[in-house]
Amino acid sequence: MAAVIEDIIARKVFNNRGEETIEVDVITAQGFGRVAAPAGKSRGKAEVVYYPTGGVDQAIKKVDDLIAPEIVGLNADCQEEIDKTLHEIDGSKDFRSIGGNTAYAISLACAEAAANSNGLLLFQYLGGHIAHELPYPLGNTISGGQHAGGRSPDIQEFLVISHGADTFLEAASANVQVHKRIGEILSKKDKLFSGGRSDEGAWVANIGNAEAFEVLAKACEEKSGELGFKCGIGIDLASSSLWSAKEKKYDYTRENQKRDSGEQLEYVLELAKKYHLAYVEDPFHEEDFGSFAELSKKIKNCLVCGDDLFTTNSERLNRGVKMHSGNAIIIKVNQVGTLSDAWETIELALRNGYAPVMSHRSGDTCDWHIAQLAVAFKCPVIKAGVVEGARTAKMNELIRIEEFLGDRAKMADLEMLKEV
Ligand code: PGA
Ligand code: ZN
């Protein structure tokens, strides 16, 4: 059914950090789509620019003055045409003129309006009949690095992925239990532990990297035993923020230790072996495709994922594919701006055996669309936290999708992790 766009309304709202962000409504005669954009803190250098000079206010003005006149009247089903128009209006390579987050909110809100106009959920509209696989939730339990600061670990994220679960609900529930157990262990360990949590809802504690691993491993082991399936461990080293280009070393300030690229490789391999890591994100800084390739060759049964390395950008992924750097890619649609750009990267990933990992941003809202995108685009993993409002919004949407699919629902195939 044709879904002609009748109006576009942009407004200023807030994310979970209290930062201003853009929200867009796309209205058709038969339907409606509303999307709010997220924001990163440990951003990759190759990401698009979020807003034009003048911030969200200026972005809204651009929607009213430049974008709405071009997009109103188009069919919301014509995603490529809409996204191409956004690029044309912007005219730059990195959306600096209209803002990548402006493009993101419009692009995705058009898709949602098209789905809604056709009486479909977004995952059905984009993924068709074959979309029936649920991703494994991967979520942050202990925060460090740029997300926590102070006396917290150097490694940015200590993650849980309950990859042994049979259903999404079981997996999400296991992640919640692991997160809760970690809180209990931390309270026992440190009388001064305040129960503080980061933007992503992960615990912020005065512990080192090694201690964080021990706490997470203990919680995962206990819960795996209780539940009868594997609750695995992952990490995001966000290595670009540890890397000192001047010294050519990764600087672990909390540990008072520096590691060159070779030592970093050995360190990650050691951790993978000791903690049976199922997932390692950004183990090297964002230009070191070579070390990513070396690690991918040496590590077994583990997702080696590029976030800052690829920034959801197909050209950068192409470079990675050629060099065999990693075997998974973080998909943050607002790193590239539009749904069509992200889809091009996801397709390239799927064709080349890279697992696309749909992801939230540390600054996020209760917008749940990435949950629908994960199912639509066959992402075997979704990284969207464990607790905290913006994270729960995505988890709960996937619980609804699983219920909606009924008997057809199936967990994604994560063959590689069966041996972990
Ligand atoms: P973000 O980072 O703060 O840029 O969202 C999260 C991540 O590194 O995965
Ligand atoms: Zn990351």
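**Ligand 1 and the zinc site**

Guide: Ligand 1 is surrounded by 14 residues, the closest being Lys41, His147, Arg361, Ser362 and Lys383; a residue counts as near if one of its heavy atoms lies within 4 Å. The model is predicted, with local features needing pLDDT of at least 70 and side-chain atom pairs pLDDT 80 or more, whereas totals for chains, interfaces and linings use all residues. Side-chain values use heavy atoms, without hydrogens and water, residues are numbered from 1 along each chain, and ligands from 1 in the order written.

Visitor: What makes serine 362 a polar contact of ligand 1?

Guide: A polar contact is a pair of N or O atoms within 3.5 Å. A polar side-chain atom of serine 362 lies 2.6 Å from an oxygen atom of ligand 1, so the pair qualifies. For arginine 361 the side-chain distance is 2.7 Å, and a polar backbone atom of lysine 41 is also 2.7 Å from a ligand oxygen.

Visitor: Why are Asp236, Glu281 and Asp307 called donors of the zinc ion (ligand 2)?

Guide: Donors are N, O and S atoms within 2.8 Å of the metal (3.2 Å for Na, K and Ca). Asp236 (OD), Glu281 (OE) and Asp307 (OD) coordinate zinc at 2.0 to 2.3 Å, and therefore meet the definition. Water is not among the atoms, so the site may look incomplete. The donor spacing in sequence is D-x44-E-x25-D.

Technical notes
Polar contact = N/O pair within 3.5 Å; in protein donor to acceptor, adjacent residues only side chain to side chain.
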